[in-house]
Amino acid sequence: MSVRVARAAWACGWRAGGHRSTSNFPLPPPGAVDVAELLRDAAAGEEGPRVAAARRLPGQCSVLLFPGQGSQVVGMGRGLLRYPRVRELYAAARRVLGYDLLELSLHGPQEDLDRTVHCQPAVFVASLAAVEKLHHLQPAVIENCVAAAGFSVGEFAALVFAGAMEFCEGSALPPEEFLQ
C-alpha cells in the first residue's frame with residue numbers, strides 16, 4: 001500500500017466531529033507485538049542521560065534537490081561526460097533499458113525525448129551524472145549532505161543517492177511507477 005493511500009485511509013477514519021471512527025483495517029492478530037510498548041521499553045532501558053547531537057550550522061551542511069519530468073532537453077548530460085563514472089551510468093542504463101539513452105539525450109529528437117518512457121530515465125540518469133560532477137568538483141557538498149529530495153522522477157534519483165535504492169532498480173522502473 002502506498003503512503004498516499006495509507007494516509008488517505010487514515011484521514012478518512014476521522015469524522016466531522018473530530019473523533020476517530022471505526023477503522024476498516026483489520027485488528028492485529030491475538031499475540032501480536034505492541035510496537036508502542038516495545039518503544040517504551042527500549043527508551044526505559046537506556047542508561048544515562050541522553051546527549052543531544054551537535055547541531056550543524058547551515059553553512060556546514062547541504063541538501064540535494066533532484067529535478068523531475070519537464071526538465072529534459074536535447075543535449076543534457078553533454079557537459080558531464082568528462083567526469084568519472086558518468087559514461088558508466090549511461091552504459092548501465094543502456095543495459096537495463098535496452099536502448100541508448102545517452103544518444104537520445106545528446107541528439108534527440110526532442111519529440112522522442114519528451115515521451116514519458118524516455119524522459120523519465122533521461123532525467124534520472126542525468127541527475128545522478130550531475131551528482132558525479134558535484135562529487136568531483138566539491139566533494140564536501142556530497143559528504144555534508146543531510147537530506148535529498150526530488151520532484152516526480154527526481155524522488156528516485158534522491159533514493160539512489162541516499163542508498164535506499166539501487167541504480168538499476170530506479171532506471172528499470174516503468175513510467176507508471178514514476179507517475180505515482
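**Reading charged pairs and cysteines**

Trainee: Let's start with Arg85: what does its relative accessibility make it count as?

Mentor: Arg85 counts as partly exposed, because its relative accessibility is 48%, and the cut-off for exposed is over 50%. Keep in mind that this is a predicted model.

Trainee: Which side chain meets Arg85 in a salt bridge?

Mentor: First, the general idea: side chains of opposite charge can pair when their charged atoms come close. Here, Arg85 pairs with Glu132, at 3.5 Å from N to O. This salt bridge links distant parts of the chain, 47 residues apart. Glu132 lies in helix H6 (residues 116-137), while Arg85 sits in the loop between strand S1 (62-66) and helix H3 (86-97).

Trainee: Is Glu132 buried or exposed?

Mentor: Glu132 has 12% relative accessibility, so it counts as buried. Its partner Arg85, at 48%, is partly exposed.

Trainee: How many salt bridges does the structure hold?

Mentor: There are 2. Besides the Glu132 pair, the side chains of Asp100 and Arg94 meet at 3.5 Å, N to O. Asp100 is partly exposed at 28% relative accessibility, and Arg94 is also partly exposed, at 47%.

Trainee: Moving on to cysteines, how many disulfides should I look for?

Mentor: A disulfide is a covalent bond between the sulfur atoms of two cysteines. In this model you will find 0 of them.

Trainee: Is Cys119 buried or exposed, and what about Cys168?

Mentor: Cys119 is buried, with 0% relative accessibility. Cys168 has a relative accessible area of 42%, so it is partly exposed.

Methods
Residues numbered from 1 in each chain as written. Predicted model: local features only at pLDDT ≥ 70, side-chain atom pairs only at ≥ 80, totals over all residues. Heavy atoms only, no water. Salt bridge = Lys/Arg side-chain N within 4 Å of Asp/Glu carboxyl O. Helix = DSSP H or I, 4+ residues; strand = E, 2+ residues; numbered from the N terminus. Buried < 20%, exposed > 50% of the residue type's maximum accessible area, 1.4 Å probe, protein only. Disulfide = S-S within 2.5 Å.
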